[in-house]
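Please take a moment with the sequence and the structure shown below. The paragraphs after them go through the chain piece by piece.

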Amino acid sequence: MSQLEDKEKSTQYFLEQCIKKRLSFYAYSLPGDQEIKIGIQTSPSKFTNLLDLKGKEGFLFAPFDIDTEQASYFIDPEFEFSSNSTEFFDFSGLPDQIDEDSEVYESSKEDYLEQINEMLADLKSKKLDKVILSRVHVLNGKGRKDATSIFLRLKETYPNAFVSMVDIPGVGLWIGASPEKFLNSDGKTIETVALAGTQQLGDRAVQSVEWEKKEIEEQAYVSKYIEELLSNYQIDDYQKQGPFTVQAGNVVHLKTTYKANTALSFDQISSFAQALHPTPAVCGLPKNKAMDLIRKVEKHKREYYAGFLGPIHADGGLALFVNLRSMKVLQESMALFVGGGITADSDPEKEWMETCFKAQTLLKVIK
Ligand SMILES: C=C(O[C@H]1C=CC=C(C(=O)O)[C@@H]1O)C(=O)O
């Protein structure tokens with residue numbers, strides 16, 4: 001067996017034990033990075049403001065609807081492990097644990113079409129410009145015992161995604177392969193992206209993809225929102241690139257990147273992140289109206305889908321991503337969360353198909 005296979009195997013064993021013993025842990029690999037970082041904490045703390053995490057080192061996990069739904073968690077690891085190191089952790093004294101599964105509401109196609117038509121009525125009467133409708137697709141027969149191998153396969157299949165697995169007892173086990181950076185900072189710069197618009201790639205070359213008016217507009221709403229926010233924070237010195245086409249598995253998106261050469265304090269970064277979330281890539285525009293419409297129309301709770309997650313460092317550096325192409329892993333099933341941006345020009349059937357293509361990015365790896 002090669003050295004790499006040996007390492008992969010020990011990472012697999014390690015993660016499987018964490019899941020069986022129901023430890024609170026995170027595991028992630030950054031886009032383009034081979035390494036998997038893992039951290040364990042007996043009881044992670046909740047936080048309400050990113051500022052509370054100032055000077056801390058760990059992993060944060062925030063829901064979509066910060067105001068009315070689940071809590072935000074911070075895992076401050078008592079033990080850290082990396083797929084590049086051979087450290088040892090003794091699981092032998094810990095008993096196996098089983099958690100009660102919570103119910104997740106799965107939308108039928110009829111539900112989805114009814115919901116999109118309800119949203120379209122508000123969009124067409126110009127109550128709002130854009131809203132994201134999401135749904136849950138439940139896959140039976142695969143569950144917690146399969147989580148680690150799916151996580152490792154996602155990492156191999158999507159090396160440019162932020163691939164993560166987070167388990168917090170009573171909160172849930174989540175896995176994802178996100179194509180969307182939320183906010184990255186190394187203390188000297190901040191980076192974010194406007195990602196929206198989706199097509200199935202099929203057998204086309206990425207650069208040959210052409211975009212329709214509806215897709216160009218839905219992405220432009222995200223760019224406009226980010227640019228207004230940068231301006232509100234007096235961040236004028238930034239490089240903008242795009243929009244250009246990027247591939248995320250079997251789909252492509254339109255993306256604009258923003259990089260500001262501004263050294264912000266942690267206080268400013270946390271305030272900026274809080275104002276940025278949720279962007280019109282996952283919520284809509286105007287934000288409050290879109291949030292109200294989502295709360296009214298969607299029958300499931302989004303929980304941590306479309307929230308944000310990632311590591312933060314004691315020096316204020318952070319690498320946060322939007323929790324997309326993600327699923328909640330239950331004992332014997334998996335709940336995949338997928339959504340798409342709806343505007344007055346949306347065609348309900350096409351939007352339904354888009355959510356199917358997005359689900360395929362995960363299903364392809366699970367099956
Ligand atoms: C909300 C999702 O994707 C977002 C990111 C890229 C493209 C999107 C779109 O075309 O609608 C969404 O804004 C999802 O994957 O569930």
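Pro243, a good place to begin in this predicted model, is found in strand S12, which spans residues 238-248. The peptide bond that joins Gly242 and Pro243 is cis, with an omega of about 5°. A cis peptide bond also joins Leu285 and Pro286, where omega is about -10°, and Pro286 has its place in the loop between S14 and H6.

That loop leads on to helix H6, which is made up of residues 287-297 and whose buried residues are Ala290, Leu293 and Ile294. Because these three cover an arc of only 100° around the axis, they lie on the same side of H6. The general rule behind such a pattern is that an α-helix has 3.6 residues a turn, so residues three or four places apart point the same way. Asn288 and Lys296, on the other side of H6, are exposed. As for what covers the buried residues of H6, the list includes helix H2 (109-124), S7 and strand S14 (284-285).

Two of these covering elements, H2 and S7, are also the ones on either side of the loop in which Lys126 lies. Lys126 has a positive phi of about 60° although it is not a glycine, and it counts as exposed because it has 8 C-beta neighbours inside 10 Å, where a residue needs 12 or fewer to be called exposed. Arg325, found in the loop between strand S16 (318-322) and strand S17 (326-329), likewise is not a glycine and has a positive phi, of about 50°. Arg325, however, is buried, because 28 other C-beta atoms lie within 10 Å, and the limit for a buried residue is 20 or more.

Which elements give two or more residues to the shell around the ligand? The shell itself consists of 17 residues, and the closest are Thr198, Ala281, Gly339, Gly340 and Gly341. The elements in question are strand S7 (130-140), strand S11 (190-200) and strand S18 (333-342). By character, the residues of the shell divide into seven nonpolar, seven polar and three charged.

An annotation in the unreviewed UniProt entry, "domain: Chorismate-utilising enzyme C-terminal", covers residues 109-358. Over that range the chain is 32% helix and 35% strand, and the C-alpha atoms at its two ends are 15 Å apart.

Earlier in the chain, is strand S2 (residues 37-41) largely enclosed or largely open? Four of its five residues are buried, so S2 is largely enclosed by the rest of the structure. Strand S1 (residues 24-29) is joined to S2 by five bridges, and the two run antiparallel; in this pairing Tyr28 stands opposite Lys37. S2 is also joined to strand S6 (residues 79-82), by four bridges and again in an antiparallel arrangement, with Ile40 standing opposite Phe79 in S6.

The last stop is Leu53, whose place is in the loop between strand S3 (45-47) and strand S4 (58-62). Although it belongs to a loop, Leu53 counts as buried because it has 21 C-beta neighbours inside 10 Å. Leaving aside its neighbours within four places in sequence, Leu53 is in contact with Phe47, Leu60, Phe74 and Ile312. Leu53 and Glu351 are 298 residues apart along the chain, and their C-alpha atoms are separated by 38 Å.

Technical notes. Residues are numbered from 1 along each chain as its sequence is written. This is a predicted model: local features need pLDDT of at least 70, side-chain atom pairs count only at pLDDT 80 or more; totals for chains, interfaces and linings use all residues. UniProt positions are given in the numbering used here, feature names are shortened, and annotations may be inferred rather than shown by experiment. A residue is near a molecule or strand if its C-beta atom, placed from the backbone, lies within 6 Å of it. Ala, Val, Leu, Ile, Met, Phe, Trp, Tyr, Cys and Pro count as nonpolar, Asp, Glu, Lys and Arg as charged, and the others, Gly among them, as polar. Two strands pair if DSSP finds at least two bridges between them. The arc is that of the directions from the helix axis to the C-beta atoms. Two residues are in contact if their C-beta atoms, placed from the backbone, lie within 7 Å.
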